[in-house]
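Q: Please take a close look at the sheet in this protein and explain how the parts around it are arranged.

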Amino acid sequence: MIPIYTPQTESEVAVISSMLDAYEIPYFIRGGAFSKLYPGLQIKDYNTQTVMVPAEFQEVARELLIDFIQPQPQAIKRDSKASISRIFRVCVEMILAGWVFTGKRWNKNAREDKLHSDE
């Protein structure tokens, strides 16, 4: 068996295995079960998954998975300039959703203890 690709996510594994099944290419996913037991940080040869195919199917599998192996960069225009409207929007979001950010929190128990101690 020849290693073809190391998927980064479970969704990639699902798509790749479906594609190989559809073209009736035999495959084996090394580390497939173990990576589900220990998800999280991917450590090579510990909890990564590697798609492996027999040598006679290597070229067909590589051609089939070329979009995973050599992804083409997408031309997305990103506006990175700071405009007045963007700055205003960020300020409004910070004011309205300020409770989302961590910081000094009001301690309910401390207030109750203070009320009980004053009695």
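A: The answer below begins with the chain as a whole, turns to the sheet, and then follows the chain to two features outside it. The model is a predicted one.

The protein chain holds six helices and three strands. Along the sequence, these elements follow the pattern β-α-β-α-β-α-α-α-α.

The three strands form an open sheet whose order is 1-3-2, with antiparallel pairing. Strand 1 (2–5) and strand 2 (28–30) are the edge strands, and each of them pairs on one side only. On average, neighbouring strands of this sheet are turned by 45° against each other, with direction ignored. In general, the strands of a sheet pair through backbone hydrogen bonds, in either a parallel or an antiparallel manner.

The pairing between strand 1 and strand 3 can be described in more detail. Strand 3 covers residues 50–53, and three bridges join strand 1 to this antiparallel partner. One specific pair is P3 with M52, the latter being the bridge partner in strand 3.

A helix accompanies the sheet. Helix 1, made of residues 10–22, lies across strand 1, strand 2 and strand 3. With respect to strand 3, helix 1 runs at about 10°.

The link that follows this helix contains a backbone feature worth inspecting. E24 is located in the loop between helix 1 and strand 2. Most residues other than glycine have a negative phi. E24, although not a glycine, has a positive phi of about 55°. E24 counts as exposed because its relative accessibility is 68%, where the cut-off for exposed is over 50%.

Outside the sheet, a surface feature deserves mention. F88, V92, I95 and L96 make a nonpolar surface patch of about 460 Å². V92, one of these residues, lies in helix 5, which spans residues 84–96. The relative accessibility of V92 is 30%, and V92 therefore counts as partly exposed.

Values for the whole chain complete the description. Of the 119 residues in the protein chain, 19% are buried. The accessible surface of the protein chain comes to about 10,000 Å², and carbon and sulfur atoms account for 59% of it. Among contacts in the protein chain with a separation of 6 or more, 63% are between residues 24 or more positions apart.

Conventions
Residues numbered from 1 in each chain as written. Predicted model: local features only at pLDDT ≥ 70, side-chain atom pairs only at ≥ 80, totals over all residues. Heavy atoms only, no water. Pairing = 2+ DSSP bridges. Helix = DSSP H or I, 4+ residues; strand = E, 2+ residues; numbered from the N terminus. Axes fitted to C-alpha atoms, helices over the stretch in contact; angles between N-to-C directions. Contact = heavy atoms within 4.5 Å. Patch = residues over 30% accessible without salt bridge, like charges linked within 9 Å, V, L, I, M, F, W, Y side chains within 5 Å. Areas by Shrake-Rupley, 256 points an atom, 1.4 Å probe, with all protein chains shown as cover. Salt bridge = Lys/Arg side-chain N within 4 Å of Asp/Glu carboxyl O. Buried < 20%, exposed > 50% of the residue type's maximum accessible area, 1.4 Å probe, protein only.
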